[in-house]
Each structure stands twice: as structure tokens, then as C-alpha cells.
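Visitor: I am new to reading structures, and I would like to understand how the words used for them are justified. Could you take me through some examples?

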Amino acid sequence: MTAKTFRIALLTSTLLAGAAAAQDVTLTIESWRNDDLTIWQDKIIPAFESANPGIKVVFAPTAPAEYNAVLNSKLDAGSAGDIITCRPFDASLELFNKGKLADLTDLPGMANFSPVAKSGWSTDDGAKTFCVPMASVIHGYIYNKDAFTELGIEVPKTEAEFFAALDKIKADGTYIPLAMGTNDQWEAATMGYNNIGPNYWKGEEGRLALIAGTQKLTDPQWVAPFAQMAKWKDYLGDGFEAQTYPDSQNLFTLGRAAVYPAGSWEISGFRAQAGFEMGAFYPPVQAEGDECYISDHTDIGIGMNAATPNAEAAKTFLNWVGSTEFAALYANALPGFFPLSNEPVTLEDPLAQEFIGWRGTCQSSIRSTYQILSRGTPNLENETWNASAAVIKGTETPEAAAARLQSGLASWYDPQK
Amino acid sequence: MIRRRPVRWHIAVFLAPAVAVYTAIMIIPLFATLNLSLYNVAGDNRVFVGLANFATLFGDARWSASFWNALGNNAWFFLVHMLVQNPIGVLLAALLSSPRLRMAAFYRTAIFIPTILSFVIVGFVWKLILSPIWGIAPGMLDFVGLKGLFAPWLGKEAYALTTLALVSVWQFVGIPMMLIYAALLSIPDEVLEAAEMDGITGASQFWKIRLPLILPSIGIISILTFVGNFNAFDLIYVAQGALAGPNYATDILGTFLYRTFFGFQLQLGDPHMGATIATAMFGIILVGVCIYLFGIQTRLRRYQF
């Protein structure tokens, strides 16, 4: 081969390769949701690819527990995918601050999301957003409809009705009134304190005031949820101190318990296991006619690797994730993980539809401990687990628990000092 | 002409792989951990802070409360093993070495089997057994009319640690049993015959002849138990999670280290404080082993037959 023909061959092949690359860009998605692999492959990706010819998408999840470690090392090594699924708050914020995640504040699709929806993936001042909010989970109660019909109980709207219903169930004796244990601790905080709390501290108003330092955890609206949980003790099953999270799930799906303080992620699991009809109600308010607040917690977002060579294609994809089309696809594929977009979406699962319907009646907020307040030591979220479990067990009074949390927070968080 | 002793290169050559591997995966990381505990993060930089991390660990009310709680729990965990596991091990070994016992091999195997099980299985199985909802413990107690004694042991602050320590004893009682059994078998018959000639038989033979002869084995077992207990982590983590509930009642140094070093839930990991705790653990174990080696081991009398 002469030098000239070699040069031509080289040139042609480069051109061809360049043309091929221009034709087809392949985006790789990093995620911890390996449970969702088939849903992405069968439903979401084909929908996107048919609407956007020339962009191919590969969903490449890792195991949930390893995700943070794997993702960090891949990003450091420069081998991470183009699209990164983001955990909410500090873990992702740290990646953004290190320059690993791209700034997506100006992405057109971002217009579809409220500030609360974006808070999980925004800087503390809310000025910059680096991941498109994908899904949230809503808290409330799931109940056994058959049991309620059998005992003639109406869905409770106020706290008084709630406890009257629990009393009735307890008096009957067929069912354990509330399915919850304190062994794993987190349920008491996540499905207890942060489930019923927003009604007392008025959702975002209280949460932001706590971050700003104008309210304290010892204020009445922050102690009141503990006071209600202290009353739960009498309605839990025997030996609830050693009852684990799966135990509670089983008690409910086997029809032995009537009410389950829930997160909406339980829906698909309960659908598969429960042999009775289920309904849901939001945390009862203090008095008839009070404004209701729900915990509509941002849980999954999706962002762009700052070092990706396919930034344009990645932005096209992320913009699509912000669209109503994606929201409807995703929410119906995974009932219980709700889209965060402002556009209304209709869900096929009635229970999931009931949960998402509360967004129309109640004000949404997120879990009080997640943004900023769990950055130091002692960590407010973990401490809240411990305090909530102790309050339910009766080993600590609501006031003492609140005082302990406040002094812990004040020890490292300047606005609370 | 004086013949020089040849340099024995083969010794170095044969030792080299083991020394290299051991250095790479044990000694260097150990010193790296000690080193890490002397640094901290200020802004974006790692800065040398000397012993400031230790000052935080022991001086800050919250850190020191967690540390002493974990150390106290560790000590109780160890004490339960010493008071329960080792006497039961000696007793079982003494029973097994009795020539009149039938099916000794079967008992030996049955008692030893739990030791080869994984912590994960043991923790999970016992959690199920003791579960107030599905467990067989309440039912079995009910069967013998003692239902009133049942409590959700793993969920009560007062009982959880002792329960887990006893589960650990159940799992590992086979090891002291086997070691002491071997020691008992190695006592020469002449010694025992001489004792019998002097009229020392039965229980008094055990206390006066056999027990002194197996004391070095008991010493070794104690120090193994000490090191194992103060490094413990798995069983607590499997049964109670990294928060070592209820209310940190089962928190030991291992789980405290894990939570701090790797982070947990929303808490981001803090490698520097984690390394500080690891160093403190290393110090505690080192001191314990030294006390044993110089205080006890050197005073133990050994008998040569």
C-alpha cells in the first residue's frame, strides 16, 4: 500500500466513523433502580427512541446499596454513563459541588416542576438545579376496606375520628389496629413523625422556618406529632418492640392488621400480596375543615454527567423526562412512584390515583429532616428515628425527645444556635 | 581456614511472598488508618490536625457518650462470653471426654456445627425464632406453661444486648469445647492413674488435676474471645442494623465505627473520625492482649510430660 492510498483509506474511515457517530448517539443511564430494568427496556426507552431517532439509550443499573460507591468511583475514573440517576439532597449536591453533575437550571423541561419538587436537587438557595425531578413518594395510611366495612367504620377525617376508629377496631379484637413496629426504627420516623407531622407544622412553612432558624423543634407544632405517636402504643400489636418492617407488611397483607401507616411505594407490593380491597386516607387533621398537609417526598431525580461527550443528546433525553408523556408512562409502570411534574397525570391503579389525588386537596411538603438539617453530627434524620421509636415505646416523653433533637441540631447548625 | 556459614537465602525467598502479601494487605492499611486519624477536612483540603480527632472523640459530650456506651456494651458482651461460653465449653468438654459417654462423636459434631454457620444465617434464624409474631419461642414457652416469661427480647433495651450475646455464645460454644476437649485428651493416662492411686477421683480429680493442666488452653481461649468480641460487628449488624437499636442498647465499637466511617442513611461518611474510632479500638485490643501476655501468660505454669 502506498502512503497516498493509506492516507485516503485513513481519511475515509475517519469520515465514515464520524458520520456513523453523528447518526447514532448512545446514552448510558446510571441507576440504582435495578428492579425497574424491564420497565425501562420495554416501555420507557422504546417510547423515547421512536420519538427521537438517532439517539439510543441503555439503562445500566447497579445494586442499590452499592450505587453511591460505584457511581463515585466511576465519576472519578471518567467511566460513568452520560445520564446519572440522582438520589435526593446531600449525596447529589456533593456531586454537583464537585463539578461531576451538570447544571440543568436552564433546561426548558424544568419549567414543569415546582420549587418543592426541585428542592431535592437544587443548591441550598434554590438558584441552581442539577437533576430533573423524576418521582416522589407520598405518605398516608393504607387501610383494609373489608375490615372497615365489617366494623362499620368511616374513613377518618379528623384526629378524633382516627382514634375513635382505632378504639373500635381494638374493642372488636379481630384486627390489630395499627401495623407498625419499632424494631427497625426508621418506620417510626418516616411513616410516623414525617407522615403526620406536616399537618401540625403546616408543611413547607414549618420546614423552611426550621431551616431558617425561626422555629425550633421544641415549639408546640414540632412536639405535637410526638404527642400523637405516644398514643399509638396502645394500638400496636403484641411485642411491637421487636416487630420488623417486613413483619408489619406481612401483618397487614395477611389481613391481621387494619391500618398501615404507609409510604406509597408499598402499593405494588401490597397489590401482589393482599387478598382484600385496600383504600387510603391522608393523615387526619386536628379539627374539621383544617387545611391538610401531606408528605410528598422527592425521591428520584435524573441528571447529566458533566463530562459526557454527548451533552446535546443527553439534554434532549432529560427534557423528555420532564415531559407529561414520560410522567404518565413512568407513573403507570411503577404505581406508588409519582411524577413530580405540574401537569396532571391519570393513573390506572385506583390506590395510586387516590394517593396522587391528595395533591389537589392538600398542600405538599417533603420530609422535614432531609434538606440541610442532616448534614452534621449528630444527624437529625437518624436521631429522629431513634426519638420516634422511643416515644412510641414510651421510654422517652414527647417533650424530652424534642428537646434532645433540638440540642443535637443546635450543636452544629448555626441558625438554630 | 575458617568456613563461613553460607547465607541462607532460601529462608528470605520462601518468606518473601507471605511477608509481601501481609505487608500489603495488613500492615500498610493499619498504618494508613492510624495516619488517617490524624487528619481532618477543612474546606476542600485535608489538613493535619494532630490528636484533635481524639480530643473530639473523648472530649465532645456526644461523641464520648456514644463511645463509652459502645465500649461498655462491648465489655458486657465480652463478660457474658467469659461467664457463659467458657464455663459451658469446659463443662461440655469434660462430659465429652468421659469414657462412659455414648455417642460422644455425635454430640461433638452437633455442638460444633453452629460455628461453621454464617453470622447472617444465625442472626436471621434467631430473629425469626424470637419474633413475637411468627417466632416459635412464644409457642414453645406456652407449651410448657411459661408464656408469661416471654418478652420481645430483641426489642427491649434492657435485654437486647444480653440476648444477642447469648445467641453468639450459642454459635461459638463449640470452639472452646473443642480446644479444651483436645487439651483434656492430651493429659497422659499416667498422671491420672497416679492421681487415682492417691485416691483422687471424680470431681475432685477434675478440679485438682485436670483443670490446672488445661489452664493454658483456657487462657488462649480467653484471649481469642477477647479479640473476637472487641472486633464484633456482624451479628449486631444483621440482627439490629447499623443503628444498633433499640436506642443504641446493642451499639458496640464495631457498629459505631461502621456508622461513622461509611455513613448511614442521610449521614455522610466521615473517614477521619471513623479512623479515630478504629485506632481507639486497636489501642483497646492491643492493651488487652498485652495485659494478658505479660500479666497472665508468663505466669501460667506449664507441665511437660
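Guide: Gladly, and please keep in mind that this is a predicted model. Let us begin where the two chains meet: the contact takes 32 residues from chain A and 24 residues from chain B, and the area buried between them is about 2,300 Å², with carbon and sulfur atoms giving 56% of that area.

Visitor: What makes the meeting of B:Lys156 and A:Glu241 a salt bridge?

Guide: The distance from N to O between these two side chains is 3.2 Å, and the rule asks for a Lys or Arg side-chain nitrogen within 4 Å of a carboxyl oxygen of Asp or Glu, so the pair qualifies. Across the interface of chain A and chain B, the rule finds 2 salt bridges.

Visitor: Which helix gives the most to the side of chain A that touches chain B?

Guide: That is H16(A), with 6 residues, and the residues on this side of chain A divide into 6 nonpolar, 16 polar and 10 charged.

Visitor: Turning to a single residue, why is A:Arg33 called buried?

Guide: A:Arg33 has a relative accessibility of 15%, and buried means under 20%, so the word applies. This residue, A:Arg33, lies in the loop between strand E1 (25–31) and helix H2 (37–51) of chain A.

Visitor: How do you know that A:Arg33 makes a polar contact with A:Asp36?

Guide: Their side chains are 2.9 Å apart at this contact, and the cut-off for a pair of N or O atoms is 3.5 Å, so the distance satisfies it. Beyond its neighbours within four places in sequence, A:Arg33 is in contact with residues including A:Phe59 and A:Leu334.

Key
Residues numbered from 1 in each chain as written. Chains lettered and ligands numbered in written order. Predicted model: local features only at pLDDT ≥ 70, side-chain atom pairs only at ≥ 80, totals over all residues. Heavy atoms only, no water. Helix = DSSP H or I, 4+ residues; strand = E, 2+ residues; numbered from the N terminus. Buried < 20%, exposed > 50% of the residue type's maximum accessible area, 1.4 Å probe, protein only. Polar contact = N/O pair within 3.5 Å; in protein donor to acceptor, adjacent residues only side chain to side chain. Contact = heavy atoms within 4.5 Å. Buried area = accessible area lost by both parts, 1.4 Å probe. Nonpolar A, V, L, I, M, F, W, Y, C, P; charged D, E, K, R; others polar.
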